[in-house]
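Please open the structure in your viewer and keep the selection tool at hand. The tour below goes stop by stop, saying what to select and what is found there.

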Amino acid sequence: MLNIAQPRPSPYLEQLYECGINDSDINLVVEGMRHDSGSLLSLILLRDEEKNFGVRLFSSGLSDAQQNYYLQHHRQDIWFNHYLEKGCKGVVKAETLSQRAGLLAGFGARFAIGGVCQVRGYGVSSVSCYRDQSQSDFNDQDIQYWDSLYFGLAAWSRHYWNLVGLESQNYQLQQLVRHHGKAVAIIDDKGAIYYSNAAFNRVADENQELRMTQGIFSFYGKEQQRYFRDLLNKFAYLQSGACIYMPVSRTGGLRPLLLQATLMNGLRNSERFIELVLRDPEHAFTPNIEALSNIYPLTSGEKELLLLLSKGYSSGDIADMRRVKVETVRSTLKSVFKKTDCHSQSELLLLLQSIS
């Protein structure tokens with residue numbers, strides 16, 4: 001019976017799976033691929049067009065400047081797009097590269113081998129390797145070597161994008177926990193909404209100045225919309241964690257809404273997720289008096305006083321409502337100060353708000 005030699009699965013595939021989504025580890029594997037093949041450059045490109053996770057380039061032999069340049073211009077790579085349109089089924093060789101044959105020719109490459117494949121629902125994946133003028137062209141053994149990696153690349157890239165998506169969702173949930181109960185949304189730098197909670201949706205519905213249509217957050221007024229676009233554009237030049245505030249003018253004598261926009265940290269540099277928090281000064285916070293009384297031994301009269309203070313009533317107003325003297329209210333307030341180690345009403349309200 002005739003035995004047909006099957007391509008041996010590339011040992012690098014197993015290493016890639018072990019890397020998870022650690023970019024530096026993946027780059028080390030690509031470095032090993034380049035070293036073992038005796039090549040000038042080695043690249044893995046993942047271009048996700050369905051789920052908006054951007055483009056990932058893992059390379060060995062390219063400087064940071066060259067890598068950034070290739071990321072920005074890879075769609076103009078003639079050789080790359082030629083085999084993408086051809087529907088490449090495995091790795092192929094390129095003839096001697098000319099200055100018009102692809103971006104890598106400008107980086108000193110002469111011979112090329114690689115493959116490009118469409119991954120349904122995940123965009124494009126490719127693997128390629130390049131040699132310079134002083135090296136020989138790739139032979140049949142080299143083709144078999146890269147074939148074993150290419151045929152597992154689609155499955156690995158699907159696995160990689162799934163992990164990136166899970167990481168993004170997990171981190172967004174961690175960020176949202178910090179603002180539990182507040183009006184919070186997560187958008188990208190174009191205003192597309194990835195998440196918005198019920199409180200955020202309620203504020204948006206109640207204020208005609210805000211718009212949430214077709215999954216995009218925007219403003220009704222042209223001037224405020226232009227201001228908001230400028231705000232989002234600024235995040236391209238800021239570090240993660242940077243925060244920008246924007247007042248949202250309202251009609252009917254209402255005080256402006258306050259929009260807090262924060263560039264979410266913990267995500268990759270190519271992703272620009274922005275956390276929005278809407279604050280309405282017309283709505284007082286809901287005090288959690290019971291939570292405070294579990295920490296400090298407050299009487300029922302002291303808890304009632306705190307509730308009225310949180311609603312903005314003065315000592316005189318509270319005295320009239322409770323039909324007691326103002327001195328009685330002030331005496332009760334001093335007792336609360338002593339128990340909570342506060343020295344003013346503002347300090348007491350800040351403590352109550354932090355617990356609530």
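The stops below run from a nonpolar core, through aromatic rings, to a set of paired strands. Keep in mind throughout that this is a predicted model.

**Stop 1: the largest core**

Select Met-33, Ile-44, Leu-104, Tyr-130, Trp-146, Trp-156 and Tyr-160. Of the 53 residues in the largest nonpolar core, these touch the most other members. Now colour the helices and strands: among those that each supply at least two residues of this core are helix H1 (11–19), helix H2 (23–37), strand E1 (41–48) and helix H5 (140–177). Which element gives the largest share of this core? H5 does, with 8 residues.

Next, centre the view on Ile-44. Leaving aside residues up to four places away in sequence, Ile-44 touches ten partners you can pick from, including Leu-16, Val-30, Met-33, Phe-58, Val-127 and Trp-156.

Apart from this core lies another one, of 23 residues. To find it, select Ala-185, Leu-231, Leu-257 and Ala-261, which are among its members.

**Stop 2: aromatic rings**

The structure holds 12 aromatic pairs. Select Tyr-145 and Trp-146, an edge-to-face pair with 5.7 Å centre to centre and 85° between the planes. Is each of these two buried or partly exposed? Tyr-145 has 30% relative accessibility, so it counts as partly exposed. Trp-146 has 2% relative accessibility and therefore counts as buried.

Move on to Phe-219 and Phe-228, which also pair edge-to-face, at 5.1 Å centre to centre and 65° between the planes. Phe-219 is buried at 3% relative accessibility, and Phe-228 is buried with a relative accessible area of 1%.

Then select Phe-58, Trp-156, Tyr-160 and Trp-161 together; they form one aromatic cluster.

For a ring with a charge over it, select Arg-131 and Phe-138. The charged end of Arg-131 sits over the ring of Phe-138, 4.1 Å from the ring centre.

**Stop 3: strand E12 and its partners**

Select residues 274–279, which make up strand E12. Why is E12 described as largely enclosed by the rest of the structure? Because 5 of its 6 residues are buried.

Add strand E6 (residues 183–187), which pairs with E12 in the antiparallel sense over 5 bridges. To see one of the bridges, pick Ala-183 and its partner in E12, Leu-278.

Finally, add strand E11 (residues 257–263). E11 and E12 pair in the antiparallel sense over 6 bridges. Leu-263 has Ile-274 as its bridge partner in E12.

Methods
Residues are numbered from 1 along each chain as its sequence is written. This is a predicted model: local features need pLDDT of at least 70, side-chain atom pairs count only at pLDDT 80 or more; totals for chains, interfaces and linings use all residues. Side-chain values use heavy atoms; hydrogens and water are left out. Buried means under 20% relative accessible area, exposed over 50%, partly exposed in between (1.4 Å probe, protein chains only). Helices (H or I, at least four residues) and strands (E, at least two) are DSSP runs, numbered from the N terminus. Two strands pair if DSSP finds at least two bridges between them. Rings of Phe, Tyr and Trp (its six-membered ring) pair if their centres lie within 6.5 Å; planes under 30 degrees apart count as stacked, over 60 as edge-to-face and the rest as tilted. A charge sits over a ring if NZ of Lys or CZ of Arg is within 6 Å of the ring centre and within 35 degrees of the ring normal. A nonpolar core is a set of buried Ala, Val, Leu, Ile, Met, Phe, Trp, Tyr and Cys residues joined through side-chain atoms within 4.5 Å. Contact means heavy atoms within 4.5 Å.
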